[in-house]
Structures are given as structure tokens and as C-alpha cells.
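This report concerns selected aromatic pairs, nonpolar cores and residue contacts. The structure is shown below for reference.

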Amino acid sequence: MESRRLYHGTGPGSITPDGCAVDYYAMLTPSGEPERVHAAIPEGASILELGAGAGRITHSLLALGHEVVAVDESPEMLAHVRGAETVCSSIQSLALHRTFDVVLLMSFVIETAGDELRRAFLRTCREHVAEDGCVILQRQPPEWYDTVQPFERDTGDGRTVRMTEISRPEPGLLAATMEYTVDDRRWTHFFLSRRLDDDFLEAALGEAGLTMSGFLGGDRGWVRAVPR
């Protein structure tokens, strides 16, 4: 599966290769994710943040005392990042030839329906994590794939978020369109993602030289992996 079949987006302003709207993502604020990561890693740990976007998580991690290298393939996204070293690169082609205490891959990027792309993401994680470090992945808990339904949510800060057009084209795959509205601006983002059961994810991690070592705070959506 090629990336143009896995993701696409519409709306005003710049749209990244994976369909994300830069103007919309630049509005977003964290919802406790930086604190969750911070609590699970050593004080002052160095972090490689893959798919950092406009810095929604980056800026808080910096404020919590971490050195962060923010990687994204969109220069328009990275233009919003302040205070961190930035690298404009796709995740799969990244080659910094240095390692970090923590490699962070959030926003459900690991759930791409492209199996080769997922393998490449995990290889990048392994190549850049220190031998005594860890990789933190964010996925949907597997059962979410069975229960999610279309919804509409008012976020309370002027944004409306909708999930529409859900389908399950084959077992383990979910296709859906997210719709984001702010005043008279509207963006859409289509994605095709794969359910990552624990056994499936452990096998994928093993191929990359990693192994699952637990969950952050008992939340199965946040997976910690370490070098084998």
C-alpha cells in the first residue's frame, strides 16, 4: 500500500504528505501526554520525537527539562517548533547516526496499514535508541477497533471534531475520515490503519530488534519497548 492510499487530507493552508493540516495542528495543545512520557523516563532524558508535527508535545517536553530533537517531513510543521533541534525528514529515511535515551513515536503513526512502512518506522526507532534506552509508541488499544463508531465532539475551545465514513475493509483494518471545523474553516483527514494486537506488535518489534517491556501507567495504548 502506498502512502497516498493510506492517508489524504483537504482544507485551507498547507497539507502534509500524510494528509495533516498544518494550520489546524498548530492550534492544538497537549492533553497530558508530555507528563505521561516524562513520568516514565529518567529526568533530563534525551528524546528523539518522530513525527513531531507543529510541536504540540515538543514544547512541553522541553519545559519538563528534556533535550528534544523534533523530526517531521513537513517544513511547514517544523516552522512552528521553538527551542528544539529540528530535522526535516521522513521517519523511514531518517539516519542521524546518533542515539537517544528515548525515541518517541506518537499520534498512532505506528498503526499505519502499510506493513513495510511500519517495519521501516520500527527500524528507525531501533537505530536511534540507546542500548539502555527505550522506545515509546502510542497506539489505540486493540479493542477500540471493534467498538469505534462515528461521533461528533465539541472540544470547548472553538473546535468541532467528527469521525465519519467508518468502514472495515478487511479484518484488522479500519478506514475513516476525521473532520475538523474551526469557525468557517474545515479540514478532512482520511486514514487507513491496522489493529495492533499485543502478539502482532511484539512480533513486529522483534523483527526490528526490540521487545515490548510494558505499558505506561497501565494504559495499553502506550507501549514501552527496549532493545533486545
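## W144 and Y145

W144 has a relative accessibility of 21% and therefore counts as partly exposed, since the buried class requires a value under 20%. Y145, at 4% relative accessibility, counts as buried. These assignments, like the others in this report, refer to a predicted model.

## Aromatic pairs

Four aromatic pairs are present in the structure. One of them joins Y24 and Y180: the ring centres lie 4.4 Å apart and the planes meet at 20 degrees, so this pair is stacked. Because Y24 belongs to helix α2 (residues 22-25) and Y180 to strand β9, the pair ties together parts that are 156 residues apart in sequence. Both Y24 and Y180 are buried.

The rings of W144 and Y145 are also paired, with centres 5.2 Å apart and planes at 85 degrees, so their arrangement is edge-to-face. The relevant cut-offs are under 30 degrees for stacked and over 60 for edge-to-face. A single aromatic cluster is formed by Y24, Y25, Y180 and W187.

## Strand β9 and T177

Strand β9 spans residues 173-182 and includes T177. With a relative accessibility of 11%, T177 counts as buried. Its side chain makes a polar contact with the side chain of E165, at 3.5 Å.

Which residues does T177 contact, leaving aside neighbours within four places in sequence? They are R162, M163, T164 and E165, together with T188, H189 and F190. E165 thus appears both in this contact list and as the partner in the polar contact between side chains.

## Nonpolar cores

In soluble globular proteins, nonpolar side chains tend to be buried together. The largest nonpolar core of this model comprises 48 residues, of which L50 and L137 touch the most other members. Strand β9 gives the most to this core, contributing seven residues.

When residues up to four places away in sequence are not counted, L137 touches L105, I110, L122, L201, L205, G221, W222 and V223. Apart from the largest core lies another core, of 20 residues; V37, A45, A52 and I136 are among them.

## Summary of β9

Strand β9 recurs in several of these descriptions. The strand holds T177, carries the Y180 ring that pairs with Y24 of helix α2, and gives the most residues to the largest nonpolar core.

Methods: Residues numbered from 1 in each chain as written. Predicted model: local features only at pLDDT ≥ 70, side-chain atom pairs only at ≥ 80, totals over all residues. Heavy atoms only, no water. Helix = DSSP H or I, 4+ residues; strand = E, 2+ residues; numbered from the N terminus. Buried < 20%, exposed > 50% of the residue type's maximum accessible area, 1.4 Å probe, protein only. Polar contact = N/O pair within 3.5 Å; in protein donor to acceptor, adjacent residues only side chain to side chain. Contact = heavy atoms within 4.5 Å. Phe/Tyr/Trp six-rings, centres within 6.5 Å; stacked < 30°, edge-to-face > 60°. Core = buried A, V, L, I, M, F, W, Y, C linked by side-chain atoms within 4.5 Å.
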